[in-house]
Amino acid sequence: MRPNNYLLKNLLLTMALLAIALSTSAQSRQRPAEANLNNQLMQLSSPAEDLLETDENIDIRFYHLHIDVDIENEKIYGDVYIELTAVNNLNQVVLNLHSDFEITSVGEDATSWTLENNLLTLGLNSSFNVGETVKLRIVYNGNPPLAPGRFINKGFRFDRHSNQTVPAIANYSTPYLSHYWFPCKDGPTDKADRVWVDITIPDESYNGQPLMAVSNGVLLNDNPPVENGKRTFQWRHEHPIVPYYILVAVSNYVLIEDQYENTVNGNSFPLEFYAYPQDIVDANSAMVKMHDIMDAFIHYFGDYPFADEKFGMTQVPLSWAIENQTNPIIGGFGENWADIIVHETSHMWFGASITNQTWQHVWLNEGFATYAEALYKEFSSDFNIEEYHTRMRAMEKRFNDFPNLYLSDDSNYDYIFEEIYYEKGAWLLHMLRGQLGDELFFDCIKSYAQNPNFRFGHATTEDFRDHCQAISGKDLTTFFQQWVYDFAFPIYSYDYLTDDVSGETTFTLFQRQNAIWGDREVFEMEVDIKFNFDDGTSVIERVVNNAVEQQFTFNFGKAIQQIEIDPDEWIIREIRSHKKEILAFNVPEQISSEINQEEQTITITVPFGTDLSQITPTIELSEKASVAPESGTPVDFSEGNVVFTVRAEDRTTKEYTVIIEMAPNSENRILSFAIEGQIEETVINDETFEIFVTMPYGADLSDLSPDIQISEEATVNPQSGSSVDFSEGSVIFTVTAQNEDTQEYSVTVNTSSENDLRIISFTITDQLDETLIDHEESTIHVTMPTGYDLTDLAPVISLAGNTTVDPESEVSVDFSTGPVEYTVKTQDESEQKVYTVTVENLLRDGDLIIEFSVPDQIGETSIDDEENTILVIMPTGADITEITPEITIS
Ligand SMILES: [Zn+2]
């Protein structure tokens, strides 16, 4: 069975929206959320009719159905004859039939009936012993109910094609919905040995084509006569069949006929397509291809099981196909149905001939039919295996990791045909081919299809497994356990190391699936490893992998460039990177960065003075790895080394210790250069590295001790404070940075000219601030303490040139009455300069102290402006010998 996915897309979209509404947290690998979602969906559409109960005391042998189809009233009148064998002694038989029908009579061995809860209980005319044949006749009628479904409501449908003008009636009965239209022992477990289906329909024509009724097997009467405006088509199928593969289809069919002949095995049988008149061009094209499809499956699976009858396909008006025995129904014959025609054809071997024992093993039907689609690609392309691989790789649902391939609960008819059973089922066969190799695998498949224990009967997963074990001689217990009964699939990663000396390569294969979700810790598989070498050659080595981490050694004698795990994709798996190297680690302004992969250390040198508390590295990692702390985020290195943890895609980690080292200071500057008594500011030229100092006229330059300030961590020679002779000319001072870089400065000390009229210094004992000398304005200002007697002061004066000053240095002068003029003259008195010298007390008359405070004082200061007193209280024992008050004056 297979819905046409392209045509179902809109419907699925609606389903997806419903799923989103139910659970916003559903994600592909969050199994608990998915399980929850599935449960909710199941509850939504899980009617009570799902729970199929069957009578295990009976073994059905023969159904003879007579269905009179009342198209106008969408009603059927059924008259069903059943033969069965008593499996236990019995005096009643329970069949499945929907309670909506009305029983009008029962006959043969049946004498009474009750129809409740979709169970038809028939009382028998006597007791029957084990092995005895029971014959039943049930006459009933009703409008067939439909079973609500996600995609279509299944059952016996009265549809129409050609804009709703032409009847298109068919039953859709998989997986156990036959009792929605006839009394039977429903479900897969009990095959009748044969079935006869007589279908009575009105003698009507549509678009010039009379209505025709189609069923399984062969048509007994090609052109049934008209009786009472009706015609009865009698179909005979003489092979074991489950009830849900019994077909009734009615429309204005055109029969497209052909004869299939196989020159290899001699199979020969009719091909019959029942198509709508408007689709006969498509049907004729499809019929041409049918020969190749049959060739393919007879090649792979052996004799067509129903070669003594026919293979047909019958058109229905829905986007649907069901593998009804010898006569699948299908929505169309056009190119978009090509894969589905292939799929349904293969179901004749798997589904119809060999039927899943229960729907729990549905993958034996759908996995085989889906796999057959890929096999056909291979066959029809002259065995181009790439065509096969392309089809297999397109089956994305193989990665569904929930549920597993074994359908533990098959009680909901609507959830039996989930895509995982198709695509993961197909991949199980693909993987088996990968493990066994072509010869053994195809041997297994063909002999399974033809095995008399299963042919025209049933099989379970274990039947198929045991068969493959017997044919291949290999123990496949673990293979089937892990792929059918366990969840998910392996996630591989790898690492390798080649020894420089021996040339031996140690290859490590890892499995990193999610054990916390119940995934197997180890999938045991033979895995192909492809080694691509530097010289352009490659080799595939197959390893038997049965551990989470497993080492294999090889000696190839050449350098490996690249490795591929399972390069041809013979396994449902994911490959993840094991790589977790820091490839580059850089910080702004860095001087160097060195990565030691062996030691897992990174050493970064940053310039002297870098703030280590805010280093923002840029980190380059091997593909698909991540790192914490992240690249581009500030990291505090001020407390020492920081460990960076790199996480590979396969979730393994590697730690790198990052060491940040501060480079020695490279600064080698003279920041200041002062000589006591110098009369002008020092000139330091940072471009020419020259320094100029001017001393007064006549100063002795042979023994000067400059006070030098230099860059941090640097040294200078001659040292600061040491005696240097500048009398012979410029002196070289060499500054050596912490990093040993040197810089020479040429220092020149001059004396001023003989006729320099400047006063260089003017100091008075007890003066408060530094003297302010303004050579341009020719003013000098000195501040003395408040109340200091200014009448008798003797300033000490030094002069720049060979000059005299009047009043002379250290001569007592009265400054109390205002500024005093000091006149500087050259020796020949040809030039002179007059300085106006003002000496003042700090406070003048009328100044008031408005604030006065002392550190640590207790309480507020009390200032009495009348008594001119200030009172400050200090704590007991406070040292009051040296107090620095803060004073604010008005
Ligand atoms: Zn199918």
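# A walk through the model

Start by selecting D382, which is exposed at 72% relative accessibility (exposed means over 50% relative accessible area, buried under 20%, and partly exposed in between, with a 1.4 Å probe and protein chains only). This is a predicted model, in which local features need pLDDT of at least 70 and side-chain atom pairs count only at pLDDT 80 or more, while totals for chains, interfaces and linings use all residues. Residues are numbered from 1 along each chain as its sequence is written, and side-chain values use heavy atoms, leaving out hydrogens and water.

Stay on D382 for its backbone: its phi is positive, about 60°, although D382 is not a glycine. D382 sits in the loop between α5 and α6 (385-393). Most residues other than glycine have a negative phi. For another case, go to E108, with a positive phi of about 55°. E108 is in strand β4 (residues 102-108), and is partly exposed at 46% relative accessibility.

**Zoom out**

Show the whole chain as a cartoon. The chain holds ten helices and 57 strands; these are DSSP runs numbered from the N terminus, helices being H or I of at least four residues and strands E of at least two. Along its principal axes, the C-alpha trace spans about 160 × 80 × 60 Å. Of the 890 residues, 50% are buried.

**Select helix α10**

Pick residues 477-485, and show the side chains of F479, F480, Q482, W483 and V484, which are buried. Then add α5 (363-380), α7 (419-436), α9 (461-472) and β28 (525-533): the buried residues of α10 pack against them (contact means heavy atoms within 4.5 Å).

**Follow β28 to D535**

Next, select D535 in the loop between β28 and β29 (538-545). D535 is partly exposed, with a relative accessible area of 49%. Add K558, which is 23 residues away along the chain, with a C-alpha separation of 7.9 Å. Their side chains make a polar contact of 3.3 Å. A polar contact is a pair of N or O atoms within 3.5 Å; within protein, one must be able to donate a hydrogen and the other to accept it, and residues adjacent in sequence count only if both atoms are side-chain atoms.

**Go inside at Q325**

Is Q325 buried or exposed? Q325 is buried, with a relative accessible area of 0%, in the loop between β22 (321-322) and β23 (329-330). Its side chain makes a polar contact of 2.9 Å with that of H237. Beyond residues up to four places away in sequence, Q325 touches several others, including N216, Y245, F306 and M348.

**On to T826**

T826 lies in strand β52 (residues 820-826) and is buried, at 1% relative accessible area. Which side chain does the T826 side chain meet in a polar contact of 2.7 Å? That of D828. Turn on backbone atoms too: the backbone nitrogen of S830 lies 3.1 Å from a polar atom of the T826 side chain. Leaving aside neighbours within four places in sequence, T826 is in contact with N755, L757, T803 and E831.

**Last stops: two prolines**

Select P807, in the loop between β51 (803-806) and β52. The peptide bond from D806 to P807 is cis, with omega near -5°. Finish at P629, in the loop between β37 (626-628) and β38 (642-647), where the bond from A628 is cis, with omega near -5°. Most peptide bonds are trans.
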